[in-house]
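Me: I want to learn to read strand pairing, burial and overall shape from a model. Can we work through one together?

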Amino acid sequence: MSDIFSNTILCGKCNLKMKPVSIERNGFVLRALQCEKCGEKIIHPDDEAEYQRFQQLKNKQFHVKMRIVGNSYAVSIPKEIVEFIKQQERIMDDFVRIAFNDARKLSLMFGEEEN
Ligand SMILES: [Zn+2]
């Protein structure tokens, strides 16, 4: 099956061929087509669906318990989050970076550092 974006898509208003662009939203790179004349954009339906899945996960709250493991505390990261990240990153190792950037907040970074 060929990708929908491999076809020529015309702007509904200008009747001109739309050019491929990428749009960044919350760390996501979405494939899109844009009309050079009016700026109208069409986001790839697969990327849009993936982004919607992210939005649903993003607004979900998880309550997990801290456990003591040796001299450290461990928390479990819900499987659905890790699986989603794995799908996005394609390759993911078992290492994450932790930053204590707020008095009551820890952040975990998956994948490579962003420049
Ligand atoms: Zn247009």
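Me: Which residue in S7 is the bridge partner of Ala 99?

Reply: Start from the general idea. Strands of a sheet pair through backbone hydrogen bonds, either parallel or antiparallel. Here, Ala 99 has Ser 107 as its bridge partner in S7. Keep in mind that this is a predicted model.

Me: In which sense do S6 and S7 pair, and over how many bridges?

Reply: The pairing of S6 and S7 is antiparallel, over four bridges. A hairpin of two residues links S6 to S7. Strand S6 covers residues 97–102, and strand S7 covers residues 105–109.

Me: How many residues of S6 are buried?

Reply: Zero of its six residues are buried, and S6 is hardly covered. S1 is also hardly covered: among its seven residues the buried count is zero.

Me: What about a single residue in S7: is Leu 108 buried or exposed?

Reply: Count neighbours. A residue with 12 or fewer other C-beta atoms within 10 Å is exposed. Leu 108 has 12, so it is exposed. Leu 108 lies in strand S7.

Me: Which residues does Leu 108 touch, leaving out those up to four places away in sequence?

Reply: Val 96 and Ile 98. Now look along the chain. Ser 6 is 102 residues from Leu 108, and their C-alpha atoms are 36 Å apart.

Me: Now the other sheet with S1. What is its strand order?

Reply: The order is S1-S2-S3. This sheet is open, has three strands and pairs antiparallel. S1 and strand S3 (41–43) are the edge strands, each pairing on one side only. On average, neighbouring strands here are turned by 40° against each other, direction ignored.

Me: How many bridges join S2 to S3?

Reply: Three bridges join strand S2 (residues 28–34) to S3, and the two run antiparallel. S1 and S2 pair in the antiparallel sense over seven bridges.

Me: Which residues can I use to trace the register across the sheet?

Reply: Follow Ala 32. Val 21 has Ala 32 as its bridge partner in S2. On the other side, the bridge partner of Ala 32 in S3 is Ile 43.

Me: What does helix H1 do relative to this sheet?

Reply: Helix H1 (residues 45–58) packs on the sheet and touches S1, S2 and S3. The direction of H1 makes about 145° with that of S2.

Me: Is Ala 49 in H1 buried or exposed?

Reply: Use the count again. Ala 49 has 11 other C-beta atoms within 10 Å, so it is exposed. Its place is in helix H1. Ala 49 and Asn 59 are ten residues apart along the chain, with C-alpha atoms separated by 16 Å.

Me: Where should I look for a positive phi?

Reply: Check the backbone angles residue by residue. Asn 15 is not a glycine, yet it has a positive phi of about 65°. It sits in the segment before strand S1 (19–25). Asn 15 counts as exposed because it has 9 C-beta neighbours inside 10 Å. Another case is Asn 26, with a positive phi near 50°, in the hairpin of S1 and S2. That hairpin has two residues between the strands.

Me: How do the elements run from the N terminus on?

Reply: Read them off in chain order: β-β-β-α-β-β-α-β-β. The protein has two helices and seven strands. Its radius of gyration is 19 Å, well over the 13 Å of the globule rule for 115 residues, so the protein is more spread out than a compact globule.

Me: What else describes the overall form?

Reply: Take the extents. The C-alpha trace spans about 65 × 35 × 25 Å along its principal axes. Next, burial: 3% of the 115 residues count as buried. Then contacts: of those with a separation of 6 or more, 24% are between residues 24 or more positions apart.

Me: Which domains does the assignment give?

Reply: Domain 1 is 4–58 and domain 2 is 67–109. Their centres, taken over C-alpha atoms, are separated by 30 Å.

Me: Which element has the lowest mean pLDDT?

Reply: Helix H2 (residues 79–89), at 83. Strand S4 (residues 67–69) has the highest, 96. For the whole protein the mean pLDDT is 88, and 94% of residues reach 70 or more.

How values were computed. Residues numbered from 1 in each chain as written. Predicted model: local features only at pLDDT ≥ 70, side-chain atom pairs only at ≥ 80, totals over all residues. Domains from an automatic or database assignment. Buried ≥ 20, exposed ≤ 12 C-beta atoms within 10 Å, placed from the backbone. pLDDT = per-residue confidence, 0-100. Contact = placed C-beta atoms within 7 Å. Pairing = 2+ DSSP bridges. Axes fitted to C-alpha atoms, helices over the stretch in contact; angles between N-to-C directions. Rg over C-alpha atoms; globule rule 2.2 N^0.38 Å.
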